[in-house]
Each structure stands twice: as C-alpha cells, then as structure tokens.
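I am opening a page for this model and noting what I looked up, entry by entry. Each entry takes one place in the structure and stays with it before moving on.

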Amino acid sequence: MVFTLYSLIEAALLGVNAVAILNEQRFLSKLTGGGGGQQGYPGATGYVDDMQNAGGVKQQLLTLIRSVRTVMRIPLIAFNIIAIIFLILFG
Amino acid sequence: MGSSLSLFDIQLYNLIHFFDDQESVQKALADCPNLKAIHDKVEQTPAIKNLEDSNTMSSRGPMRLSKTYPHPQQQHQPPAQQQQQQQYQQQQQQHQQQQHQPSQFYQPTAPYPPTEASPNYGGDYPMPQPQIPSGYVTDYNAPQSQTAPSYNNAFFSPQTAFYAPSSQQQQQIPSNQPMPGMEYLSNNPLFNVGLNVVEQGMKDFTGKTVNMLPTEMKKSISSIKYYFAVDQAYVFKKLCLLLFPFRPRNWSLAYSADEPVPPRVDTNAPDYYIPLMSAITYVLVAGLVLGTQDKFTPEQLGMHASSVLVWNIIEICVLCFTFYILNVQSKLRTLDLIAYCGYKYVGMIAALSSYLITHSLFVYRCSLLYVSLSLSYFLVKCLRLQILPDTGGSQPYGSGGSKRRIYLLLLIVILQPLFIWYLTRHLIVV
C-alpha cells in the first residue's frame with residue numbers, strides 16, 4: 001500500500017531495462033515470424049482490420065518493443081548510471 | 001517648497017480646514033509649530049495655492065474646491081487630491097460626471113499602508129480602516145491604467161474619513177453592502193473594473209514569466225484550463241449523477257464548432273475539478289478514519305496522497321497502453337481519460353464516510369457495492385458514446401474493432417471498482 005513515486009520510477013526503469021535487453025536474434029524474430037505472416041493476408045483472420053487495425057495485437061507489441069529499444073538505448077545508459085549513483089549514495 | 005507631499009500632510013491640511021471656527025484652529029495651531037509647518041507647506045504648494053486663490057477660501061472646507069488644475073511637477077498628490085475632492089463633491093451633489101483622470105492613483109504612504117492584491121474589488125477598503133463603510137470609494141471612474149504600475153483600485157480616500165455618512169451616498173451605491181465579502185463580488189457592477197485593474201497589474205508583473213513558456217506548454221495549459229471551467233451548478237449536478245445515474249437521460253456530449261463545450265455549459269462533459277477535489281478529500285477522510293482507529297500520524301496523509309498519485313499514474317498508463325496495443329482510435333483523448341478515471345474518488349469518499357458514520361462492516365460493503373454499481377453504470381453510459389463506434393455501422397470490417405472496443409470499455413469499467421475496493425480496504429478494521 002505504501003507506494004511512493006520513487007518506487008514507480010524504479011519499477012519503470014527496471015521494466016524498460018528488461019525490454020532493452022531482449023535478444024533480437026533468438027527471441028524477437030521468432031515472434032515476428034508469426035506476426036509477419038499475417039500481413040500478407042489482410043482479410044484472412046479476424047484480427048486484421050484494414051482501416052482501423054493494420055497490425056494486430058502482436059504486431060503492435062513488436063512495433064512498440066522495437067521502437068522503445070531504438071529510442072531508449074542511449075538514455076537508458078544515463079538513467080541507469082544515475083540510479084546506481086543514487087542507490088550507492090542513499091541506499 | 002517643491003518637496004513631495006505625503007498623505008499625512010494632505011489629511012492634516014484637510015482636517016485643519018474642516019472646522020468652521022478657523023480662528024481658534026489657527027490659534028491652536030500656533031501652539032504646535034510642527035503642525036503649523038506642515039500646514040504652511042501644503043498651503044504653499046503651487047497647485048493648492050491656485051485653488052485657494054481662485055475660490056473664496058471659506059471655512060466650509062476643502063470640499064468646495066472643485067477646480068482641476070494640471071499640476072506641473074508632482075503628478076501624484078494634487079491631482080489625486082483634487083480628484084478626491086471632486087469625487088466627494090460629486091457624491092454630495094449627485095453629479096455623475098465621469099471625469100477621467102489619467103493619473104495614477106496615489107498610493108497611500110504610512111499611516112495607511114497599501115494593501116496590495118486584496119480581494120476588495122471595485123468598492124472596498126483596505127483592512128486598517130474597518131469602521132468606514134465601503135460606499136465611499138465606489139464611485140470611481142474606470143481607472144484603466146495604461147501605464148506600467150497599476151495601483152489597487154480599492155483606494156481609500158482619507159478625506160471621507162472625516163465626514164459622516166450621508167444617505168445620499170448610500171443611495172447612489174445601492175449594490176454595495178457595508179461589509180462585502182466575496183459573495184457580493186458578483187453583484188457588484190464595479191467588480192469587473194477592479195478585476196481588470198488587478199489583472200492588468202498582474203500581467204505587468206508576471207507577464208514576462210507566462211510568455212516565456214514554450215508554445216506546447218501554453219497549448220496544454222489552455223487545454224487543461226478547459227477542464228477547470230466549472231461552476232457550482234455543474235458540480236452539484238455531476239455529483240448527483242455520479243451517485244445516482246439510473247434516471248433516463250441524454251448522455252451525449254455537446255459540441256460547438258467541432259470543439260467540446262466546456263463543462264460549465266454541458267453537464268456531460270468531463271472535468272478535472274471534481275476528481276482533484278475528491279482525491280484530496282479522500283486523503284483527508286482516510287486520515288479521519290485512521291484517526292478514529294488511533295493509527296493516525298501526519299506521515300500517513302503524505303503516504304496516502306502519494307499512493308493516490310501513483311495508482312492514478314499506473315492506471316492511466318495501463319489504459320493508454322491498452323489503447324495503443326489494441327489500436328483503437330477513438331474520440332477519447334488522454335486528458336478525458338484522466339478525468340473519467342478520477343471520478344471513482346467520489347465513490348470512495350461515500351463508502352468511507354458511510355463506514356466512518358456507522359462503523360459497521362455490513363454498511364460499508366453495501367455502500368461499496370452500490371457505489372461500484374453506480375460508477376460502472378455512469379462510466380458505461382458516458383464512454384459508450386466515445387469509445388464504441390457509431391451505431392450507424394458504416395464499417396464493413398467493424399466487427400473486430402468493435403469487439404476490442406467493448407473489451408476496452410469493460411476493462412475500464414472493471415478497473416474502477418477494483419481500485420475503489422483496493423484503496424479502501426486497508427482502512428477498514430473490524
């Protein structure tokens with residue numbers, strides 16, 4: 001119940017770290033194999049809806065993960081360094 | 001002489017000339033060289049000398065001096081004093097001439113310290129003189145000061161302190177009550193005048209800082225301002241709606257030129273005032289409940305406030321994330337979502353208050369159930385029109401989309417009672 005803002009920031013940092021260290025080769029391309037196949041058949045499955053929903057849930061997730069990794073690679077280094085210093089100094 | 005006159009000097013001069021029996025006054029003055037020096041100083045000032053020369057210097061007092069002479073050097077005091085005299089004379093003679101004096105108002109020095117930013121708009125008086133009815137200072141012209149320093153409109157005329165209130169004045173100022181509080185401000189026709197003056201002053205004072213913000217922040221500030229445009233009738237109606245939404249009514253939002261109408265006009269519009277206030281009230285009520293259980297410390301208040309904030313952030317993030325993942329395009333903006341997610345605090349307060357009053361678990365559970373039901377009903381009705389696609393059904397592939405939207409709506413609606421239960425259960429003992 002005691003949920004401070006700092007714990008939220010910590011949790012967010014750890015989550016983004018987890019997203020950043022997913023291995024592209026072993027993990028993500030396997031997922032993409034399943035998700036990319038759907039692109040070829042727009043009307044085949046119930047998930048794809050041309051006008052509104054071009055990707056499907058899996059596709060959206062993968063896009064999100066990829067974009068987070070691309071954007072946050074460098075700033076994550078800085079955030080992690082700050083968090084480490086903070087934890088060393090203040091426990 | 002050329003030295004500047006202070007308010008005290010002018011007042012003294014007025015006082016000296018107030019009395020009919022000038023000979024005895026002058027004789028008394030001879031005993032006090034200091035006062036006599038001040039009196040002579042004021043008299044020697046060129047403007048006042050001109051006044052006295054032009055009018056017959058009668059013992060009826062300075063209120064008869066009605067000529068306006070543009071003072072060559074000191075812009076502050078004499079025109080202001082003349083204006084005071086004119087004002088009073090107008091009041092006495094029931095003249096409503098609007099003589100627009102472009103001069104700045106004379107900021108009173110000691111012993112009448114100015115009260116800046118007091119809420120005495122358009123007709124009130126600074127606190128040091130409580131015995132004066134406010135009727136005297138209301139008939140000022142609209143003193144729209146175009147120059148940089150704009151003084152407080154609540155100018156206390158020191159002359160009028162010496163004169164007894166007359167019924168004439170009170171007739172001319174019918175809208176003022178003797179001790180106006182904030183509630184009379186809206187009835188006062190001069191409220192806008194005072195408000196404009198203060199606004200101008202504040203803009204001059206803070207204008208630099210507001211303009212320095214980047215444009216995106218200004219846009220978001222103005223879009224947040226939309227959510228705070230509420231009034232009492234709206235708040236009352238919305239609260240009743242939150243606690244009893246089961247009457248048949250029209251739930252659609254009103255738009256004007258493709259823009260949603262502010263909440264003041266449309267009861268269905270979301271706002272930020274109720275969520276903010278109810279969140280704060282929830283923190284206080286939680287403190288109360290802890291107090292009745294002898295578990296209260298001031299840190300608890302801060303902890304509750306931060307947990308409210310954090311859970312709100314978590315909820316909004318989860319919902320926005322879900323919106324993005326399911327790729328649902330809807331009319332619902334993120335800001336609206338924040339507002340709708342904030343309405344649960346009203347229910348929480350209701351449930352907690354019922355527990356506080358009765359201390360029975362059964363009552364608490366019943367009120368929790370009822371509040372959850374009514375909030376869910378309210379949210380379904382409100383969000384259905386915004387998230388679900390139009391019932392016109394113009395989309396051939398709409399089935400998948402609308403299924404997702406229904407799930408999303410259900411998620412929102414289920415989350416609220418969960419939060420209500422989770423955020424109040426740790427307060428319930430017994």
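**Entry 1: a loop residue.** I began with B:Phe228, which sits in the loop between helix 8 (215-227) and helix 9 of chain B, and I kept in mind that this is a predicted model. Is B:Phe228 buried, exposed or partly exposed? I found a relative accessible area of 39%, and because buried means under 20% and exposed over 50%, B:Phe228 counts as partly exposed. Leaving out residues up to four places away in sequence, I listed B:Tyr272, B:Tyr273 and B:Leu276 as the residues that B:Phe228 touches. I also looked up the separation of B:Phe228 from B:Pro263, and their C-alpha atoms are 7.9 Å apart although the two positions lie 35 residues apart along the chain.

**Entry 2: chain B as a whole.** I then stepped back to the chain, which has 15 helices and two strands. Of its 430 residues, 44% are buried, and chain B exposes about 22,700 Å², of which carbon and sulfur atoms supply 62%. When I took the contacts between residues at least 6 apart in sequence, 74% of them turned out to join residues at least 24 apart.

**Entry 3: the cores.** Which residues have the most contacts inside the largest nonpolar core? This core has 53 residues, and I noted B:Tyr282, B:Phe323, B:Tyr343, B:Phe378 and B:Leu383 as those with the most contacts. At least two residues each come from helix 9 (232-243), helix 10 (273-292), helix 11 (298-325), helix 12 (334-341), helix 13 (344-358), helix 14 (361-387) and helix 15 (398-425) of chain B, and helix 14 of chain B gives the most, with nine residues. For B:Leu383 I wrote down contacts with B:Leu332, B:Tyr340, B:Leu388, B:Leu409 and B:Ile412, again without residues up to four places away in sequence. A second core, separate from this one, has nine residues, among them B:Leu5, B:Ile10, B:Val25 and B:Val42.

**Entry 4: a histidine in helix 11.** B:His304 lies in helix 11 of chain B, and I classed B:His304 as buried because its relative accessibility is 5%. Beyond its neighbours within four places in sequence, B:His304 is in contact with B:Tyr282, B:Val283, B:Ala286, B:Leu290, B:His426 and B:Leu427.

**Entry 5: annotated spans of chain B.** I checked the UniProt record, an unreviewed entry, which lists "transmembrane region" for residues 272-291, 303-325, 337-356, 362-380 and 406-424 of chain B. In the model, residues 303-325 are 100% helix, with end C-alpha atoms 32 Å apart, while residues 337-356 are 90% helix and 0% strand, with end C-alpha atoms 30 Å apart.

**Entry 6: helix 3 of chain A.** How far apart are the end C-alpha atoms of helix 3 (residues 56-90) of chain A? I found only 44 Å for its 35 residues, short of the 51 Å that a straight helix would reach at 1.5 Å a residue. In the same entry I recorded a kink of about 55 degrees at A:Met72, shortly before the proline A:Pro75. Buried residues of this helix include A:Gly56, A:Gln59, A:Arg69 and A:Leu76, and the helix is followed by A:Gly91, whose phi is positive, near 75 degrees. The unreviewed UniProt entry places a "transmembrane region" at residues 71-90 of chain A, a span that is 100% helix and has its end C-alpha atoms 29 Å apart.

Key:
Residues are numbered from 1 along each chain as its sequence is written. Chains are lettered from A and ligands numbered from 1 in the order in which they are written. This is a predicted model: local features need pLDDT of at least 70, side-chain atom pairs count only at pLDDT 80 or more; totals for chains, interfaces and linings use all residues. Side-chain values use heavy atoms; hydrogens and water are left out. A nonpolar core is a set of buried Ala, Val, Leu, Ile, Met, Phe, Trp, Tyr and Cys residues joined through side-chain atoms within 4.5 Å. Buried means under 20% relative accessible area, exposed over 50%, partly exposed in between (1.4 Å probe, protein chains only). Helices (H or I, at least four residues) and strands (E, at least two) are DSSP runs, numbered from the N terminus. Contact means heavy atoms within 4.5 Å. UniProt positions are given in the numbering used here, feature names are shortened, and annotations may be inferred rather than shown by experiment. The expected span of a helix is 1.5 Å times one less than its number of residues. The bend at a residue is the angle between axes fitted to the seven residues ending there and the seven starting there. Accessible areas come from the Shrake-Rupley method with a 1.4 Å probe; for residues, only the protein chains shown count as cover.
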